[in-house]
Amino acid sequence: MKFARQLEDYQLPEWRGRYLPYTDLKKRLHDITSGRGQAVVELMNQRTTGALPKSELIDPVEAWQDLLESEASQISIRINRMLEDLRTQLDELKAFEAPRVGAGHFLDLQLMESLGKVSETISRLRGFAELNNAALYKILKKH
């Protein structure tokens with residue numbers, strides 16, 4: 001099975017659009033190797049919001065690398081936000097008080113539910129990171 005299809009199949013529906021755009025990056029790399037590198041330069045110039053003068057992005061390979069780096073940075077920011085959410089969840093778990101007489105069963109269930117949510121979030125975050133890592137590896141291997 002082609003990697004792009006696998007990547008699409010394993011993406012979580014609620015996080016679609018937040019993964020590394022592997023297919024787009026692969027197409028842009030193909031444009032460069034096919035002599036249509038100017039399209040990559042134009043795309044990067046469109047995405048540049050004034051940080052770099054357009055005249056600086058004239059080399060298609062450099063423009064593609066800048067595009068890849070920008071996408072990887074966005075993934076890193078998303079992962080860091082998710083980790084921050086996990087830290088908040090763990091801090092909330094720390095706030096659970098020791099069960100009082102008669103209330104122990106309810107608190108135990110509440111604690112188990114919260115731990116389950118943390119575990120699920122960790123698993124989803126791990127999958128997100130691993131899938132993006134694989135996509136980045138594969139696209140760099142093609143470069």
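Contact here means heavy atoms within 4.5 Å of each other. In this predicted model, D31 touches R36, G37, A39 and V40, leaving aside residues up to four places away in sequence. The protein has five helices and zero strands, and its elements run α-α-α-α-α from the N terminus on. The points below take up the overall fold, the surroundings of D31, the salt bridges and the packing of helix 2 with helix 4.

**Overall architecture**

- The protein comprises 143 residues, of which buried residues make up 27%.
- Among contacts between residues at least 6 apart in sequence, 62% join residues at least 24 apart.
- Helix 4 has 35 residues and covers residues 60-94.
- From its first C-alpha to its last, helix 4 reaches 51 Å, which is close to the 51 Å expected at 1.5 Å a residue.

**D31 and its surroundings**

- D31 is placed in helix 2, which spans residues 22-33.
- D31 has a relative accessible area of 11% and is therefore buried, since the cut-off for that class is under 20%.
- R36, one of the residues that D31 touches, also forms a salt bridge with D31, the closest N and O atoms being 3.1 Å apart.
- The two partners differ in exposure class: D31 is buried, at 11% relative accessible area, whereas R36 is partly exposed, at 43%.
- The pair also belongs to a wider arrangement, in which D24, R28, D31 and R36 are linked in a network of salt bridges.

**Salt bridges**

- Side chains of opposite charge can pair when their charged atoms come close.
- The structure holds eleven salt bridges, including the D31 and R36 pair described above.
- R5 forms a salt bridge with E8, with 3.7 Å between the closest N and O atoms.
- Both R5 and E8 lie in helix 1 (residues 3-10), where they are three residues apart, about one turn of the helix.
- R5 is partly exposed, with a relative accessible area of 45%, and E8 is likewise partly exposed, with 42%.
- R87 forms a salt bridge with E84, the closest N and O atoms being 3.0 Å apart.
- Because R87 and E84 are three residues apart in helix 4, about one helical turn separates them.
- R87 is partly exposed, with a relative accessible area of 44%, and E84 is partly exposed with a value of 44%.

**Helix 2 against helix 4**

- The axes of helix 2 and helix 4 come within 10 Å and cross at roughly 170 degrees.
- Angles over 145 degrees count as roughly antiparallel, and helix 2 and helix 4 are therefore roughly antiparallel to each other.
- Helix 2 contributes L25, R28, L29 and I32 to the contact, and helix 4 contributes P60, V61, W64, L67 and L68.
- The residues of this contact divide into eight nonpolar, no polar and one charged.
- R28, one of the helix 2 residues in the contact, is also linked in the salt-bridge network with D24, D31 and R36.

**Buried residues of helix 4**

- The buried residues of helix 4 are A63, W64, L67, L68, E71, I75, R78, I79, M82, L86 and L93.
- Among them, W64, L67 and L68 are buried and also take part in the contact with helix 2.
- E71 and R78 are likewise among the buried residues of helix 4, whereas R87 and E84 are partly exposed.

Notes: Residues numbered from 1 in each chain as written. Predicted model: local features only at pLDDT ≥ 70, side-chain atom pairs only at ≥ 80, totals over all residues. Heavy atoms only, no water. Helix = DSSP H or I, 4+ residues; strand = E, 2+ residues; numbered from the N terminus. Buried < 20%, exposed > 50% of the residue type's maximum accessible area, 1.4 Å probe, protein only. Salt bridge = Lys/Arg side-chain N within 4 Å of Asp/Glu carboxyl O. Expected span 1.5 Å × (residues − 1). Axes fitted to C-alpha atoms, helices over the stretch in contact; angles between N-to-C directions. Parallel < 35°, antiparallel > 145°, perpendicular 65-115°, else oblique. Nonpolar A, V, L, I, M, F, W, Y, C, P; charged D, E, K, R; others polar.
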